[in-house]
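Reader: Hello! I would like a close look at a single part of this model, and then a connected tour of what surrounds that part.

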There are 2 protein chains.
Amino acid sequence: MRLRHITIVAALLYVLAVPAVPWAQTDPLPSWNAGTARQSIVTFIQTVTDRASPQFVPPEQRIATFDNDGTLWAEQPIYFQLAFALDRVRALAPKHPEWKTKQPFKAVLDGDMKAVAASGQKGMVELLLATHTGMTTDEFTKTVADWIATAQHPRFKRPYTEVVYQPMVELLEHLRASGFKTYIVSGGTVEFMRPWTERVYGIPPEQVIGTSFVTTYKLGNDGKPLLFRQPQIDFVDDGPGKPVNIQKFIGRRPLLAFGNSDGDQQMLQWTAAAEGARFKGIVRHTDDVREWAYDRQSHVGRLDKALDEAKGRGWTVVDMKADWKKIFAFE
Amino acid sequence: MRLRHITIVAALLYVLAVPAVPWAQTDPLPSWNAGTARQSIVTFIQTVTDRASPQFVPPEQRIATFDNDGTLWAEQPIYFQLAFALDRVRALAPKHPEWKTKQPFKAVLDGDMKAVAASGQKGMVELLLATHTGMTTDEFTKTVADWIATAQHPRFKRPYTEVVYQPMVELLEHLRASGFKTYIVSGGTVEFMRPWTERVYGIPPEQVIGTSFVTTYKLGNDGKPLLFRQPQIDFVDDGPGKPVNIQKFIGRRPLLAFGNSDGDQQMLQWTAAAEGARFKGIVRHTDDVREWAYDRQSHVGRLDKALDEAKGRGWTVVDMKADWKKIFAFE
């Protein structure tokens with residue numbers, strides 16, 4: 001009898017011990033250092049998913065929205081979408097002899113990045129329209145898929161889809177495992193992201209919101225329907241455009257929102273002002289060795305007003321250098 | 001040995017028989033009569049969800065889009081959203097003394113539906129803007145939720161949310177149980193639908209696409225952010241606008257689409273022209289006893305060109321009178 005009891009107790013202990021091993025092995029955020037940022041994220045997710053908590057939120061209301069450039073992947077030395085546009089100008093140049101003398105195209109073909117930058121926002125829009133419109137949606141999707149499979153980041157010499165922040169990929173996965181629906185809400189254009197976000201972030205096309213172009217439906221010469229991308233911006237998904245698009249596309253307020261720049265300030269305000277517990281996070285670029293360090297003075301991803309508001313209101317500011325054990329998976 | 005074999009066979013038969021009982025008890029489409037429409041739906045869902053089928057489609061690509069008015073709920077004697085607008089004109093009239101003499105508002109207040117109809121599309125847009133805009137999104141959502149909870153359909157003397165087609169609710173559930181993501185793609189305005197679609201159809205706000213108004217973000221006097229509904233139509237989600245919005249909001253082609261009128265023709269064409277097996281369905285209003293009978297000559301939900309195309313191309317046309325055992329759950 002005695003032996004038998006011991007055996008049963010041992011068996012029970014064994015059973016109890018088994019789940020502890022995978023738990024220890026499956027820390028959902030292994031690339032995050034211990035610290036206030038990690039702790040605030042973990043505590044928030046526990047609080048809103050615990051049925052016993054007064055802050056419990058039913059799964060269908062667990063909406064999480066993430067900016068993309070500078071929040072999920074890098075945005076230096078230039079926005080990756082701009083790198084795509086420049087490559088497209090070079091690829092399309094034989095069909096556009098007029099670009100040899102016309103700015104900002106001439107500057108791109110001459111490799112004169114200072115002149116490209118000097119063309120300002122007007123020049124950027126011209127580059128965008130010339131390379132992102134004037135074709136069907138299927139054709140554009142194929143062009144993006146081909147480019148993203150082959151182009152390399154100039155500093156890291158790897159595909160752009162590897163220059164994504166491993167801690168944020170882990171956070172996206174942890175949120176989904178906790179019943180959240182994860183969305184991208186980006187100033188980048190939506191159909192530049194959709195061909196690869198599911199594979200890279202686990203975010204399907206229907207959960208990607210971004211700047212868009214006017215698209216029109218018509219029957220082609222063969223009677224088959226086409227969606228044609230017109231050279232006209234439909235909506236700029238940046239700044240106040242982000243909460244507007246969150247309402248338009250999702251129709252619920254985010255429970256958690258993450259950005260990295262002043263272009264995300266209104267999305268974070270809109271999230272913060274909703275009832276109940278809400279998580280507002282900012283990724284701050286502080287690591288000039290492993291990534292880049294920039295904020296208030298930067299032309300790309302400027303973080304100034306939103307940083308003041310984050311500090312004033314106690315939003316979570318992630319310090320990349322201090323809070324991230326690993327920035328990229330390839331490190 | 002002989003007995004043992006018989007026992008094993010009997011046991012096997014028993015095991016095989018057990019699943020047959022719940023299957024018989026849980027016919028997913030009990031309100032559909034046996035017939036070609038039902039059969040084409042069942043066969044299609046089996047084909048695309050069977051891993052052994054050459055037409056198998058992975059779950060993440062199983063997008064189903066449904067029109068709302070006349071496809072999921074009735075649209076007679078007038079669109080339910082118009083009934084809401086008329087009720088709102090009456091409720092708001094004390095604040096608008098000028099409506100007593102101004103058309104189409106005067107006609108609404110006089111109960112002169114002929115004059116309301118005579119005001120045409122211009123009049124309808126005026127009614128829509130006066131009752132659906134000029135407030136925050138939160139305020140409008142509350143107004144809709146209050147109305148839908150109390151208003152009654154004039155013929156059936158029941159809430160409008162009960163004047164929904166039970167066979168289509170069953171189909172939505174069966175699709176979701178088969179791994180589909182179900183969407184509404186309606187000519188009605190999106191924020192008139194979102195407050196109740198989850199409860200009535202099991203379709204969450206983020207899967208409701210519709211006509212929308214321009215919305216702007218601002219900080220209120222108390223510093224709290226607001227989304228304000230401007231008196232300007234953003235996008236008409238009807239006809240060619242449906243495939244455009246499917247691309248904009250979902251970014252994948254539907255695997256299955258259902259409509260009931262010429263306003264759904266382009267959505268069905270866009271679905272039909274995609275590669276692989278696709279289901280194209282039309283609900284035809286043929287039952288002037290239990291519901292209404294109308295098609296080519298109707299001002300509401302006209303079904304003319306789309307019916308010709310459906311017949312020419314072999315799309316599934318559901319004959320409400322013949323194919324539906326029950327139309328409404330309350331029957």
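Reader: In which loop of chain B is the place of K157(B)?

Author: Happy to help, and please keep in mind that this is a predicted model. K157(B) sits in the loop of chain B that runs between α7 (137-150) and α8 (166-177). Its backbone deserves your attention: K157(B) has a positive phi of about 55°, although this residue is not a glycine. As for its surroundings, K157(B) counts as exposed because its relative accessibility is 56%. The counterpart in the other copy, K157(A), also has a positive phi, again about 55°, and lies in the loop between α7 (137-150) and α8 (166-177) of chain A. K157(A) counts as exposed too, at 57% relative accessibility.

Another backbone feature is found in a loop of each chain. In chain B, a cis peptide bond joins Q76(B) and P77(B), with omega about 0°, and P77(B) belongs to the loop between β1 (63-66) and α3 (80-92). In chain A, the bond from Q76(A) to P77(A) is cis as well, and P77(A) is in the loop between β1 (63-66) and α3 (80-92) of that chain.

Now to how the copies are arranged. A turn of 180° with a shift of 0.0 Å along the axis lays chain B on chain A, at an RMSD of 0.0 Å. That is the relation of a two-fold axis. Within chain B, F249(B) has the C-alpha nearest the axis, 3.3 Å from it. Both copies use the same surface, as 100% of the contact residues of chain B recur in chain A.

The contact itself takes 36 residues from chain B and 36 residues from chain A. Together the chains bury about 3100 Å² between them, with 52% of it on carbon and sulfur atoms. On the chain B side, E206(B), Y217(B) and K248(B) supply 21% of the area buried against chain A, more than any other three residues.

Polar and charged pairings also cross this interface. There are 10 salt bridges between chain B and chain A; for an example, look at the side chains of R252(B) and E198(A), which meet at 3.3 Å, N to O. The count of residue pairs in polar contact is 22. Several elements of chain B each supply at least two residues to the side that touches chain A, including α7, β3 (208-219) and α11 (265-272). α10(B) gives the most, with 5 residues. By class, that side of chain B has 16 nonpolar, 8 polar and 12 charged residues.

How values were computed:
Residues are numbered from 1 along each chain as its sequence is written. Chains are lettered from A and ligands numbered from 1 in the order in which they are written. This is a predicted model: local features need pLDDT of at least 70, side-chain atom pairs count only at pLDDT 80 or more; totals for chains, interfaces and linings use all residues. Side-chain values use heavy atoms; hydrogens and water are left out. Helices (H or I, at least four residues) and strands (E, at least two) are DSSP runs, numbered from the N terminus. Buried means under 20% relative accessible area, exposed over 50%, partly exposed in between (1.4 Å probe, protein chains only). Copies are superposed by least squares on the C-alpha atoms of residues with pLDDT of at least 70 in both. Contact means heavy atoms within 4.5 Å. Buried area is the accessible area (1.4 Å probe) that two parts lose on being put together, summed over both. A salt bridge is a side-chain nitrogen of Lys or Arg within 4 Å of a carboxyl oxygen of Asp or Glu. A polar contact is a pair of N or O atoms within 3.5 Å; within protein, one must be able to donate a hydrogen and the other to accept it, and residues adjacent in sequence count only if both atoms are side-chain atoms. Ala, Val, Leu, Ile, Met, Phe, Trp, Tyr, Cys and Pro count as nonpolar, Asp, Glu, Lys and Arg as charged, and the others, Gly among them, as polar.
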